[in-house]
Amino acid sequence: MNISSTPSFLNTLKKEECYGCMACVNACGTDSISITRDSEGFIYPAVDKNKCILCGKCAKVCPLVNEPPELQEGQEVYYAWSNNTQNRLDSSSGGIFSEIATTVLSNNGLVYGAAYANDMSVVHIKITTKEELPKIRGSKYIQSDISPTFKTIKADLKAGKLVYFTGTPCQVSAIKKFTNNPDNLITSDLVCHGVPSSKMFQDQLSLFDQKINNISFRDKKRTGWGYDLRLVSDNKTWRMEPLALPYFYGFWKNLTLRPSCYNCQFATINREGDITLADYWLVRKSHPSIKTGKGVSAIIVNTDKGCKIIEDLNNITVEKSSMVNLLKGLGRLKSPVKKPQSRDLIMLEYSQKGFSYIAKNYLMPPRQVILKEKALRGLKQLILFKYWK
Ligand SMILES: Cc1cc2nc3c(=O)[nH]c(=O)nc-3n(C[C@H](O)[C@H](O)[C@H](O)COP(=O)(O)OP(=O)(O)OC[C@H]3O[C@@H](n4cnc5c(N)ncnc54)[C@H](O)[C@@H]3O)c2cc1C
């Protein structure tokens, strides 16, 4: 698609084409693009035609215009985990993100990742110390707003700082285009299922009778590596089946994702980041002797820069694997999720009648499903020690 030659392309951008990264807003030299939120809760750029001078800077940084990367020669696949048990347990898969971040911070570098804001929206922040790492550790299954980071990252890179940015592949693409990917920028993208909006997440949390201050979708305390919900308020901690939370059910069943997620050009083995991180769910099929209870990461090394970073990690267990094995359990390396037929109707009802309405009518699994989940969790608890090391 040769959109870059059409400077006014933002005006014709369809919703399913916009990833919501807001690189365009930050690139605009005339302040003519603002951020708007649609009735589904997703953010989009809006152009003020009176201010726009059709310079085309917005198109130059848009991930959509980016031809998806080509397959990197010599792409390598590994399974790995952090040797720091607490870090591994606090992370979604094997804690490799935290190990890379720790190495970067030890070299006076800066790390950018997704954190919960005070209002429980999700935004990318910069951290400069290891003490701040817990804020950005762990998967938040919500679209993170990276718009505040573009200019700061560019300034940090210009000042010669080593910068490590992690995010979804579309976000990594946007940051690389915005900064021209200099040598002192390291990126890792995540294999990504897709994201619902921060607004819907906040609507869900507002249904609790206490203010939720933190939430983990991947708590490992009850049954180890997998999905389990832990919600924390000032004086209470809830643990619940993820599917029993309507917000998570909508995410899991692909009912409430951003329109571009069903259309994602980054759901492929050709990756944007120097490194790709994922859950290596089926690792025991090809490597049956390893214990997986505390979580195992898949690492795809995509570039020479990525190779150097992994070589420099000295506190991880890492073994070579293969793309063929990895692909068996990771559909999102092959194609985006399919859009369910009911998705648009559900989102229309969300716009018109609110979250409680769709939660009650569309986002509650049948009772048997929850009971089955609970039974499976009980069984998993019984056999966990076998896979726990
Ligand atoms: C929205 C989303 C969907 C995902 N879908 C899949 C999938 O389908 N299959 C799969 O194998 N893995 C998926 N992952 C990746 C997986 O959950 C782990 O993040 C990954 O394996 C790295 O784990 P870790 O233990 O190394 O690090 P962790 O500490 O668990 O997290 C790694 C990084 O994720 C970043 N991050 C967290 N939430 C967000 C967010 N909302 N937006 C952008 N960046 C974020 C953090 O900044 C941190 O840098 C997804 C992650 C996210 C955020």
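Reader: Accessible areas come from the Shrake-Rupley method with a 1.4 Å probe. What does the accessible surface of the protein come to?
Author: About 17,800 Å², and carbon and sulfur atoms account for 51% of that area. Keep in mind that this is a predicted model.

Reader: Noted. How much of the protein is buried?
Author: Buried residues are 54% of the 389 in the protein. A residue is called buried when its relative accessible area is under 20%.

Reader: What is the radius of gyration, and what would a compact globule have?
Author: The radius of gyration is 21 Å, which agrees with the value near 21 Å for a compact globule of 389 residues. Along the principal axes, the C-alpha trace spans about 65 × 50 × 40 Å.

Reader: What share of the contacts is between residues 24 or more positions apart?
Author: Counting contacts with a separation of 6 or more, 69% are between residues at least 24 positions apart.

Reader: Change of topic. How many helices and strands are there?
Author: There are 15 helices and 13 strands.

Reader: What is the order of the strands in the eight-stranded sheet?
Author: The order is β5-β4-β6-β7-β11-β12-β3-β13; the sheet is open and its pairing is mixed. At the edges are β5 (122-127) and β13 (316-320), each of which pairs on one side only. Neighbouring strands are turned against each other by 25 degrees on average, with direction ignored.

Reader: What holds strands together anyway?
Author: Strands of a sheet pair through backbone hydrogen bonds, and the pairing is either parallel or antiparallel.

Reader: Do β4 and β6 run parallel or antiparallel?
Author: Parallel: three bridges join β4 (residues 110-116) to β6 (residues 163-167). Y112 stands opposite F165 in β6.

Reader: And β3, is that buried or exposed?
Author: Six of the seven residues of β3 (residues 76-82) are buried, so the strand is largely enclosed by the rest of the structure.

Reader: Which strands does β3 pair with?
Author: One partner is β12 (residues 297-301), in the antiparallel sense over five bridges. There, E76 has V301 as its bridge partner. Another partner is β13, also antiparallel and joined by five bridges. On that side, S82 is matched with I316.

Reader: What about the three-stranded sheet, what order does that have?
Author: The order is β8-β9-β10, in an open sheet with antiparallel pairing. β8 and β10 (237-240) each have a single partner strand, so one side of each has no neighbour in the sheet. The twist from one strand to the next averages 15 degrees.

Reader: How many bridges pair β9 with β10?
Author: Four, in the antiparallel sense. In one of the matches, R230 has R239 in β10 as its bridge partner.

Reader: Last topic, aromatics. How many aromatic pairs are there?
Author: The count is 20, where ring centres within 6.5 Å make a pair. In one of them, Y227 and F248 are tilted, with 5.9 Å centre to centre and 50 degrees between the planes.

Reader: Which parts does that pair tie together?
Author: Y227 is in the loop between β8 (214-216) and β9 (229-232), while F248 is in helix α9 (residues 246-252), so the pair ties together parts 21 residues apart in sequence.

Reader: Are those two buried or exposed?
Author: Y227 counts as partly exposed because its relative accessibility is 23%. F248 is at 2%, so F248 counts as buried.

Reader: Which cluster do ring pairs link them into?
Author: Ring pairs join them in a cluster whose members include Y116, Y141, W225, W252 and W281.

Methods: Residues numbered from 1 in each chain as written. Predicted model: local features only at pLDDT ≥ 70, side-chain atom pairs only at ≥ 80, totals over all residues. Heavy atoms only, no water. Pairing = 2+ DSSP bridges. Helix = DSSP H or I, 4+ residues; strand = E, 2+ residues; numbered from the N terminus. Axes fitted to C-alpha atoms, helices over the stretch in contact; angles between N-to-C directions. Rg over C-alpha atoms; globule rule 2.2 N^0.38 Å. Buried < 20%, exposed > 50% of the residue type's maximum accessible area, 1.4 Å probe, protein only. Contact = heavy atoms within 4.5 Å. Phe/Tyr/Trp six-rings, centres within 6.5 Å; stacked < 30°, edge-to-face > 60°.
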